[in-house]
Amino acid sequence: MSSGRRYGQFETLTRRSGMPVWLAITWRVAFVVGLIGIAIAVHWFDRAGLRDDYDGDVSFLDVIYFTMISITTTGYGDIAPVTERARLFDALVVTPIRVFVVLIFVGTAYNFVFKRTWDVWRMRIIQGNLHNHIIVAGFGTSGREAVDELIARGTKPEEIVVVDTNEEELTAAEQLGCAVLCGDATRDTVLLDVKISRAQAMIVSAGRDDTSILIVLTARHLAHHVPISVCVRAEDNELLARQAGASTVINPISFAGLLLAGSCHGPNISDYLSDLASIHGRVKLAQRDVTQEELGCSLADITSGGLGVRVYRDGKAFGFWEDESQSLQAGDTIVEIMPGNG
């Protein structure tokens, strides 16, 4: 993947520099040549401070030769600085140039050879360990809250992969312990890099409804079985998100409106709804499959420690007061209210 720090670690999956590789190498070479040119020029103008033990004459070619063996620390000794000024120049100018040249070439080799090889190898290791993970596309306000809630509910940070194009957001996600990928989640290659086909679920909160819906479309055609939850802000886009393949569509604006309206009929209503939505509340909602022992029982009679409020059967929802919830069947899914952690 990319993003060299951990999965994310922004290795090969991190945002690339806008500068082409050939241009990056060219400017480094040009910088090295410029430094060498400065050293040659000063040595030439101060050639009287050099002594050639071979023929006693310091020509321009001798200056080039002396400069190169000085910068590369070869030092055969056939040409040497003899005046204090020449020696001072070699000590205070040529030595730093020598260090800069070595660092530039070592840095170039690291960036274009060793680092890329290391990142590709590390990416493959991380990808091989990605199974049953949760992908979060977009680490803005909603995405960050979702990740915080997932971790609070017991999901290990290393089981969460955050995809975003903002490196600052990715850094924040990485500090939480999540794997990160700098990339555009609307692209097939990016979602394939995070192994979406092996994911447990996906959360989409790109900040823009059109982008979020496009991410859902991309994810759905790559992984038909993965549950996808998406955040949209315009009511008109909720149907589009479902048609794109979203399993769950959440409109935070509509939900906020429900809380506001509920508070008009009693401030405790919105407080209770907030409790249900957060792991930190005194109560929480839980979903599970009906157990063998509960078959034939009424939803009101379950004794799992929670209060059953809804049954899902064949894609339909039934409340605890409806006839269908009076006799639980195999394959039913129960939604119940459980004691929270608050």
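Leu239 and Gln243 are exposed residues on the face of helix 8 that is turned away from the helix's buried side. Keep in mind that you're looking at a predicted model. Helix 8 is a handy place to start, and from there we can work outwards to two sheets and a few loop residues.

**Helix 8, inside and out**

- Which residues of helix 8 are buried? Helix 8 covers residues 236-244, and its buried residues are Asn237, Ala241 and Ala244.
- If you look down the axis of helix 8, those buried residues fall within an arc of 60 degrees, so they line one face of the helix.
- What do they pack against? The buried residues of helix 8 sit against helix 7 (209-222), strand 9 (228-231) and strand 10 (248-250).
- Right after helix 8 comes Gly245, and its phi is positive, near 120 degrees.

**The parallel sheet**

- Strands 9 and 10 turn up again here, in an open sheet of six strands with the order 7-6-5-8-9-10 and parallel pairing.
- At the edges you'll find strand 7 (179-182) and strand 10, each pairing on one side only.
- From one strand to the next, the twist averages 15 degrees.
- Helix 5 (residues 167-175) packs on this sheet and touches strand 6 and strand 7, with its direction at about 170 degrees to that of strand 7.
- Helix 4 (residues 141-152) lies across strand 5, strand 6 (160-164), strand 8 and strand 9, and it runs at about 175 degrees to strand 6.
- Strand 5 (residues 134-137) and strand 8 (residues 201-204) run parallel and are joined by four bridges.
- Want to find that pairing residue by residue? Ile134 has Ala201 of strand 8 as its bridge partner, and Ile135 has Met202.
- Strand 8 also pairs with strand 9 in the parallel sense, over three bridges, and here Val204 stands opposite Val230 of strand 9.
- Helix 7 comes back into the story too: together with strand 8 and strand 9 it makes a right-handed β-α-β unit.

**The antiparallel sheet**

- Another open sheet has four strands in the order 11-14-12-13, with antiparallel pairing.
- Strand 11 (283-289) and strand 13 (316-319) stand at the edges with a single partner strand each, so one side of each has no neighbour in the sheet.
- Neighbouring strands of this sheet are turned by 25 degrees against each other on average, ignoring direction.
- Helix 10 (residues 267-277) packs on the sheet, where it touches strand 11 and strand 14, and its direction makes about 50 degrees with that of strand 11.
- How many bridges pair strand 11 with strand 14? There are seven, and strand 14 takes in residues 333-339.
- For a pair to pick out in the structure, try Lys284, whose bridge partner in strand 14 is Met338.

**Three loop residues**

- Ile302 has its place in the loop between strand 11 and strand 12 (307-313).
- Is Ile302 buried or exposed? Ile302 has a relative accessible area of 9%, which is under the 20% cut-off, so it counts as buried.
- Beyond its neighbours within four places in sequence, Ile302 is in contact with Arg288, Glu294, Gly308, Leu328, Ile334 and Glu336.
- Take Leu328 from that list: Ile302 and Leu328 are 26 residues apart along the chain, and their C-alpha atoms are separated by 9.7 Å.
- Asn132 lies in the loop between helix 3 (84-128) and strand 5. Phi of Asn132 is positive, near 55 degrees, in a residue other than glycine.
- With 49% relative accessibility, Asn132 counts as partly exposed.
- Asp314 belongs to the loop between strand 12 and strand 13. Asp314 isn't a glycine, yet it has a positive phi of about 55 degrees.
- Asp314 is exposed, with a relative accessible area of 76%.

**The whole chain**

- The secondary structure of the protein chain comes to 10 helices and 14 strands.
- The chain has 342 residues, and 40% of them count as buried.
- The protein chain exposes about 19,400 Å², of which carbon and sulfur atoms supply 58%.
- Now for contacts between residues at least 6 apart in sequence: 62% of these join residues at least 24 apart.

Technical notes:
Residues numbered from 1 in each chain as written. Predicted model: local features only at pLDDT ≥ 70, side-chain atom pairs only at ≥ 80, totals over all residues. Heavy atoms only, no water. Pairing = 2+ DSSP bridges. Axes fitted to C-alpha atoms, helices over the stretch in contact; angles between N-to-C directions. Contact = heavy atoms within 4.5 Å. Buried < 20%, exposed > 50% of the residue type's maximum accessible area, 1.4 Å probe, protein only. Arc of directions from axis to C-beta. Areas by Shrake-Rupley, 256 points an atom, 1.4 Å probe, with all protein chains shown as cover. Right-handed = clockwise from strand over helix to strand, strands pointing away.
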